[in-house]
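I am opening my notebook for this entry and will write down what I look up, step by step. The structure goes in here before any of my notes.

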Amino acid sequence: MNCEHLIKAIGDINEKYILEYADIYEIKKVYLKKYLKQGIGLVACLVLIIASVFTLPMLNLFENQTVKMQSHYFDSYSQFVEVLPENNLLKNISLEKFNEVAFIGNCNVGNNDYYDTENYSSFEMVLSKDNITSEIVFTPNSNKDVKSIAENQSLFETITIDTTVVYYSYNIDEEYYEALFMYDSDLYDVRLEEKDENKLFNLIEDMIK
Amino acid sequence: MEDTQIIDLYFSRSENAIKATESKYGQYCKTIANNILCNINDSEECVNDTYLQTWNSIPPTRPNNFKAFLARITRNLSLNKLKSKNTNKRKISEYSLAYDELENMLSTAQTTDAYVDEIFLKNLLDEFLETLSKESRMIFIGRYWYFDSISEISKKLKISESKTKMSLLRTRNSLKDYLQKEGVVL
């Protein structure tokens with residue numbers, strides 16, 4: 001099977017899935033109409049105008065963000081670890097099946113494989129040991145504020161392990177723990193298919209020892 | 001106008017059917033086409049072809065869901081149009097980025113051109129999508145059905161780009177495992 005077969009097959013999936021995503025637009029439209037009817041539209045417009053006046057000068061700050069995201073894939077774990085920054089923590093982590101650790105940190109600029117890396121302030125790596133599938137995603141000007149990222153990912157519980165604040169939560173639907181924490185100026189995103197939160201804490205404790 | 005009323009216009013062979021379709025779903029179809037073709041003129045042409053194919057299909061077909069029916073035609077026509085063009089000079093569209101992502105997923109599994117029955121594969125994909133959480137499924141569909149950009153998907157679902165990228169990677173890995181487990185020769 002090649003990629004074109006797969007893309008064609010994805011095109012033939014059940015229409016309920018196609019509509020599930022398309023319906024996001026519908027919901028937005030309905031709410032907008034409702035609010036406009038209630039006379040809030042005018043207020044919203046005024047707020048937008050005022051906000052624009054204050055934020056327009058800031059737009060120049062985001063000129064660099066037009067850079068496209070890039071991905072690089074690795075065939076083996078050894079190839080993957082070669083590009084990790086020195087003293088990285090990932091080398092020592094023993095990963096169980098399906099569990100993953102993502103690392104968000106500064107890129108090792110200078111490797112020929114990653115042209116234009118100077119345009120990227122950070123990168124993410126997701127490692128799944130058993131699949132030996134790894135990926136680096138270069139992200140321009142990524143936000144490294146751990147608290148806001150954690151809130152974005154609905155990780156509302158916190159625990160402090162050896163002075164490191166860990167944001168975490170249990171995903172009931174997919175039955176895994178996810179944790180986010182900053183260590184040594186690097187951001188880590190850990191996913192563990194366990195129901196026991198202590199196993200998550202132990203793993204993180206091992207990482208930051 | 002309700003979809004059933006628009007379909008009735010097609011059945012009565014009224015040209016208002018196309019006007020009503022354009023008014024209600026024109027922009028939706030254009031977005032799908034432009035994500036693939038990355039060219040406004042080609043996209044508009046493709047959407048016009050969608051109307052024509054819809055006109056030729058209804059009747060006798062009476063779609064259960066008119067919106068999905070149009071979306072599917074637009075996607076297929078856009079992919080065919082892209083294929084008929086010189087792919088070497090293809091622009092970097094969201095389609096080409098999504099294509100590379102899937103191709104990379106397949107290449108790590110030592111891809112072959114082995115034939116896979118289309119209906120079998122479609123059923124497997126439906127089953128696989130059912131196993132995903134709603135959010136993961138919507139992200140996957142947004143990327144590989146609609147070919148929306150990562151930032152677009154993130155905005156629509158109100159999640160971070162980082163989360164979207166990770167979800168896509170995890171879903172691709174799961175899909176690869178699932179297909180292999182079900183005996184699909186990748």
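In which sense do E6(A) and E7(A) pair, and over how many bridges? Before answering I note that I am reading a predicted model. I found that the two strands pair in the antiparallel sense, and that six bridges connect them.

**The hairpin in chain A**

I then looked at single residues in this pair, and saw that Tyr170(A) has Tyr177(A) in E7(A) as its bridge partner. Four residues lie between the strands of this hairpin, where Glu175(A) takes a positive phi near 55 degrees. For strand E7, which covers residues 176–183 of chain A, I noted that six of its eight residues are buried, so that I can call the strand mostly covered.

Next I picked Val165(A), which belongs to strand E6, residues 164–171 of chain A. Is Val165(A) buried, exposed or partly exposed? Its relative accessibility is 37%, and because buried means under 20% and exposed means over 50%, Val165(A) counts as partly exposed. Leaving aside neighbours within four places in sequence, I listed its contacts as Ile159(A), Thr160(A), Leu180(A), Phe181(A) and Met182(A). One of these, Phe181(A), is 16 residues away along the chain, yet its C-alpha atom is separated from that of Val165(A) by 6.3 Å.

**The two chains**

I went on to the make-up of each chain, and wrote down six helices and eight strands for chain A, whereas chain B has nine helices and zero strands. Of the 209 residues of chain A, 41% count as buried, and of the 186 residues of chain B, 54% do. Chain A exposes about 12,100 Å², with 52% supplied by carbon and sulfur atoms, while chain B exposes about 8,800 Å², with 47% supplied by those atoms.

In chain B I followed helix H2, residues 16–37, and found that it bends by about 65 degrees at Tyr25(B). Tyr25(B) is also among the buried residues of H2(B), a list that includes Gly26(B), Tyr28(B) and Cys29(B). Just after this helix, Cys38(B) takes a positive phi of about 55 degrees.

**Salt bridges**

How many salt bridges are there over all chains? The count comes to 13, and I looked up three of the pairs.

My starting pair was Glu20(A) and Arg137(B), whose side chains meet in a salt bridge at 2.8 Å, N to O. Because Glu20(A) lies in helix H2 of chain A and Arg137(B) in helix H7 of chain B, this pair joins two chains. Glu20(A) is buried at a relative accessible area of 18%, and Arg137(B) is buried at 9%.

I turned then to Glu101(B) and Arg172(B), whose closest N and O atoms are 3.6 Å apart in a salt bridge. This pair links distant parts of the chain, with Glu101(B) in helix H5 and Arg172(B) in helix H9, 71 residues apart. Glu101(B) is buried at 6%, and Arg172(B) also counts as buried, at 3%. I noted as well that Glu94(B), Glu101(B), Arg143(B) and Arg172(B) are linked in a network of salt bridges.

Finally I took Glu152(B) and Lys156(B), which meet in a salt bridge at 4.0 Å, N to O. Why are they separated by about one helical turn? They are four residues apart in helix H8 of chain B, which accounts for that separation. Glu152(B) counts as partly exposed at 31%, whereas Lys156(B) counts as buried at 7%.

Note on methods
Residues numbered from 1 in each chain as written. Chains lettered and ligands numbered in written order. Predicted model: local features only at pLDDT ≥ 70, side-chain atom pairs only at ≥ 80, totals over all residues. Heavy atoms only, no water. Buried < 20%, exposed > 50% of the residue type's maximum accessible area, 1.4 Å probe, protein only. Contact = heavy atoms within 4.5 Å. Pairing = 2+ DSSP bridges. Areas by Shrake-Rupley, 256 points an atom, 1.4 Å probe, with all protein chains shown as cover. Bend = angle between axes of the 7 residues up to and from the residue.
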